Amino acid sequence: MSELNELKKKLAMSSRMLFNSGLVDYSGHISVRIPGSDHLLILPHPVSRATVAPDDMVVTDFEGKLIEGKYHAPSEVFMHARAYKARGDIQSVAHLHNHMVAVLSMVDKPFYPASSNPCAFFGPGPMPLYMDPALIHTIEQGDAVAKTLGKNEAVMLRGHGSMVVGQAIEWVFAGCVDLEEAASRFYKASLLGPVRVYNDDETQRVMKGRHKDSVVQKVWDHNVAKTKLAGLMEGV
Ligand SMILES: [Zn+2]
């Protein structure tokens, strides 16, 4: 299988896995940089995240312009395109309307790393928060999100969701899973009292144990199996 076809397959798999994990529904998307180019592959606009196939993926440039594909690019493609433009070190991006992260983005309280498994795929310190609640429909808005993201691996979008970036599709998928679980735990702990957030040293030590290929592969393999069991991997 060619490298491009392999990436399309992994995008379709990860989209169905995000759906099966309740992290995307009718919206939300994951993309990948086409190696050595100024183009990206992304889930198209009108196709269900639960049934998308490798051949459905579309290609855009880093201005969000459609280059190739039988469908439209999603309207928020600018978030992906401008993240790749700003960050030469990242290979994959996901944008989620993830429920618990969106909830935490709505309160005036920083979201800190505070639980180890699932880990802090972010930190040290609180997760950056992009304050403009509008959807990301322009290059300028995409640039503004990338600026708030900075060198981090995730950014919360106020009242909206999040963007997660990483070195490969598998890493971004694992980051999405861990981020939502961390947000869910943080929310529940907050109801009981002040949260014992991790200091910088604690965050670094936790990340050292979790931030590695073997852990990411474990999260990926588990979700491949879970999604197959749900009957959602047909045709990939
Ligand atoms: Zn959105």
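**Nonpolar core and sheet architecture of the predicted model**

In this predicted model, the largest nonpolar core comprises 66 residues, of which Leu18, Leu41, Phe111, Val145, Met163, Cys176 and Leu179 touch the most other members; such a core is a set of buried Ala, Val, Leu, Ile, Met, Phe, Trp, Tyr and Cys residues joined through side-chain atoms within 4.5 Å, where buried means under 20% relative accessible area, exposed over 50%, and partly exposed in between (1.4 Å probe, protein chains only). Helix H5 (residues 169-192) gives the most to this core, with 10 residues; helices (H or I, at least four residues) and strands (E, at least two) are DSSP runs, numbered from the N terminus. In soluble globular proteins, nonpolar side chains tend to be buried together. With neighbours within four places in sequence set aside, Leu18 is in contact with Leu23, Val24, Ile30, Leu96, Phe173 and Cys176, contact being defined as heavy atoms within 4.5 Å.

Residues are numbered from 1 along each chain as its sequence is written. Local features need pLDDT of at least 70 and side-chain atom pairs count only at pLDDT 80 or more, whereas totals for chains, interfaces and linings use all residues, and side-chain values use heavy atoms, with hydrogens and water left out.

An open sheet of 8 strands follows the order E4-E3-E2-E1-E5-E8-E7-E6 with mixed pairing, two strands being paired if DSSP finds at least two bridges between them. Strand E4 (66-68) and strand E6 (129-130) form the edges, each pairing on one side only. Strand E3 (residues 58-61) is joined to E4 by 2 bridges in an antiparallel arrangement, with Thr60 standing opposite Leu66 in E4. Helix H1 (residues 3-20) packs on the sheet, where it touches strand E1 (29-33), strand E2 (39-42) and strand E5 (92-96), and its direction makes about 160 degrees with that of E1. H5 likewise packs on the sheet, touching E1, E5, strand E7 (154-157) and strand E8 (161-166), at about 145 degrees to the direction of E8; axes are lines fitted to C-alpha atoms, for helices over the stretch in contact, and angles run from 0 to 180 degrees between N-to-C directions.

E3 also pairs with E2 in the antiparallel sense, over 4 bridges, and Thr60 in E3 is the bridge partner of Leu40. Both faces of E3 are covered, with Val58 and Thr60 buried on one side and Val59 and Asp61 buried on the other.

Within strand E1 lies Ser31, which counts as buried because its relative accessibility is 0%.
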